[in-house]
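Please work through the exercises below with the model open beside you, and try each task before reading its solution.

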Amino acid sequence: MRGWDSKTADNMNNFQAAFTQIANSETIYDIQDQGNYAWLDNYSINNNGQLNISGWHATNKAINKKYRYTIILNGETHQEIARKNITDEQVERNDVAVAHDVYNAAQSGFNVQFDLANVIATTPSIQVVDRYTDDPVGNGNAIDYWFTPFNLDHGNYGNLDNISVKNNQLQLSGWHANNATANKKYHYIIVIDKTNNNRELTRQRITESISRPDVAKVYPGIYQAEKSGFDVKLTASLFNFNHQLQVVDRYTDDPAGNGNAIDYWFAPFGGEFANQGWVDDVNLADGNNVQISGWHANDVTQYEQNYFIILYDQTANRQVAVTKATSSTRPDVAKAYPNIKTAGNSGYRAKFNLTNAKLLPGHSYSIVSRYSTALEGNGDQGAYTDYWSNPFILNTKANYLDQVQMTKDGLKVAGWMVDDNSLMRPNAYVIVLNNGKEIARQQVKLTARPDVAKIYPGVFNSLNSGFNALVRFDPQLVNGNMQVLLRFSADPLGNNNYSDQISNNYSSNAGSFDQIDVNKATVSINGWHASNQSVNKPYQYLIALGENGQELARWKIAEEGLVRPDVAKAIPYIFNSGESGYRLSIDIPNNVQHHTVRFIHRYTDDPAGNGDYSDIYSNPVMVNNLMRTPIDYRLPSEYAPYPDLKTLNNFWIHVKIGNNRVYLMNNNDVVYTMYCTAGYYDHGISTTPTGTFHIQNERGNSFFNRSLGEGANHWTSFLDHGVYLFHTVPTDAYGNYKPYEASQLGINQGSHGCIRLSIPDAAWIQYNVPTGTKVVIDN
């Protein structure tokens, strides 16, 4: 919650003067820090092809490198596109200086613009490099930070918004946007008579594009999307509206409208008769044929009696197969379209041999149902009427891993994999990755999976998609995140010309402290821990850590290797998960009593519990803690009295948002713990600011925020002089504490940015904590 307390101009001037003094003071940094730190805060491409990037880069290795460049590369070829000298344009970033105590961190920001208009059409992705160098032209002795590449949108988008005839003119309006048009300055609208052998009837050059801010809003990364519209008027007598007409929007480098072009083919229109159709099924499951079924209803069949089904490659703009079809009965279509007399006999089935059709993965295909007066070929020699299906693209990938089980010999993997790219890549492989790097692979022979074919009939060879393989390797090689990569490759060895699918991450180390029972003298613990690294690690230990991560005690676990079928079922992909259980009961040492501790379960090869090990951590555990339960917003958080600040030599406040706790600290020791509710999380970022702040002069007994409709009592400012506060749980307009918000104290985040406390805790801070006291807030 944000509070408000008005301040005089003098107070604000004093604050600004203090801030300026700090900013101008001599910089001191940690010369031992060898890290290279950076972050790309934002990148965007406007409709004119201008790339804007901002972020920061800080490192001690920039010392003696007085020149700074920002460089952009082609993300695939790593060829340099452009560079800018930003030596004198560095952006102040005090937030970086707070986070990273390294050379010049406070001046580590950048905000750079590049013109991509000439390269956006041919560049798949962009990689940003930030460089410190001793070379005035940006080479020489340098320290770089290479940011993760980001892709440029190369989709082809368009829509024909309006087709109308008025005053003997065919009026066409719509839009077409594509980054590949950036180097194609000529724009044409072309109208094709599909009925008359796809003959071009006319074309008109567009010299003045129509503003389309709606398109720019939907496709902000497309070059000139805001100027992608067209509105043309064509002489209506050029067209026979009993024919199928198709509009093509074209950007080209040829003044005549040909040459190297980017086209968008809008759906056909026109025709004297109602023209309806549907493709019910496109089936490539057997890997040998394309089987198609559907219907096409149009009373033009009384003149055009020959029936053709055409498979058309929209990407290559060519017909790849054709067959004659025989009509079949479709009473369902007749019921849906009673005004089409021939609808009851509009069904069809067709089959194309894949060897002859030569379908290509990634291409977009339409099924064309054609009625024609011609008997031979594909019917285009006579008068004909077509129905074009919505395009389908051969780019579907899918898989499922029915079994992923780690054994002493490696990973046993069973499941299925389908990929339209396997049309040209017949070799199937299962590859195991550890932290993204391959550790082993196994070629597999695919087997029948009729269940998969039923779900994915339109994916090539889905009927033959099953596999069951053992990928052999030492389980200890998996020491991070494991993934299973499924590959189809044109290379028999599986290295070149491939298409991949990758699984989610499988952890290599997992566990649970199922039960931690604490009484006055003992702690009883049982749980499980499975790790691929447990191979050749025969010793198990339990270790207790204090609030600051220091070890308090350790115990060797005697009762280990307990059978856990539930764990084996849940995480079979980790070695020996079925015998991962343990239990122990221990006496509580004095140095553990009344502490919040975290327990570690450890596998190790060292009898003393050190050496090479694999750990898991418990959540924090209160060992006979002094915290009040149940939580009551009307009472102090602890049963113990508040600390006497006069007895502390280094008092400060530590807020942990995710823990819902405020810790009163003396040096590194917690002297009192308060329940709290801090700012809610929005996309992983709390509304409560994080960092180091200090208690300010502003404080008071109560306030009310009209815009939020709530207030609070006992407030103390720690940031922005009355904006971010410590205060009680919220009150309503009548000063009553809100029950729901009060019930969330110490449990959930939920404020608008302030730190909510119980009534006594907030009052204690208001009346006892001195101005200037350090406040550290983290997640």
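The exercises that follow deal with a nonpolar core, a sheet and some backbone angles.

This is a predicted model, in which local features need pLDDT of at least 70 and side-chain atom pairs count only at pLDDT 80 or more, while totals for chains, interfaces and linings use all residues. Residues are numbered from 1 along each chain as its sequence is written, and side-chain values use heavy atoms, with hydrogens and water left out.

**Exercise 1.** Find which residues touch the most other members of the largest nonpolar core, and which element gives the largest share of this core.

*Solution.* Begin with the term: a nonpolar core is a set of buried Ala, Val, Leu, Ile, Met, Phe, Trp, Tyr and Cys residues joined through side-chain atoms within 4.5 Å, where buried means under 20% relative accessible area, exposed over 50% and partly exposed in between, with a 1.4 Å probe and protein chains only. The largest such core has 30 residues, and Leu411 and Met482 touch the most other members. Next, look at the elements, which are DSSP runs numbered from the N terminus, with at least four residues for helices (H or I) and at least two for strands (E). Among those that give two or more residues to this core are strand E24 (397-407), strand E25 (410-419) and strand E30 (482-489), and the largest share, four residues, comes from E30. A second, separate core of 27 residues includes Leu645 and Phe718.

**Exercise 2.** Describe the open sheet of four strands, and explain why one side of E27 is left without a neighbour.

*Solution.* First, two strands pair if DSSP finds at least two bridges between them. The strand order is E27-E26-E30-E31, with antiparallel pairing. E27 and strand E31 (498-502) stand at the edges and have a single partner strand each, so one side of each lacks a neighbour in the sheet. Finally, E26 and E27 pair over seven bridges, and asparagine 434 has lysine 437, in E27, as its bridge partner.

**Exercise 3.** Locate the cis peptide bond from threonine 629 to proline 630, and find where asparagine 461 and asparagine 667 lie.

*Solution.* The cis bond from threonine 629 to proline 630 has omega near -5 degrees, and proline 630 is placed in the loop between strand E40 (621-622) and strand E41 (651-656). Asparagine 461, whose phi is near 60 degrees, lies in the loop between helix H6 (450-455) and E29. Asparagine 667 has a positive phi of about 55 degrees although it is not a glycine, and this residue lies in the loop between strand E42 (661-666) and strand E43 (669-675).
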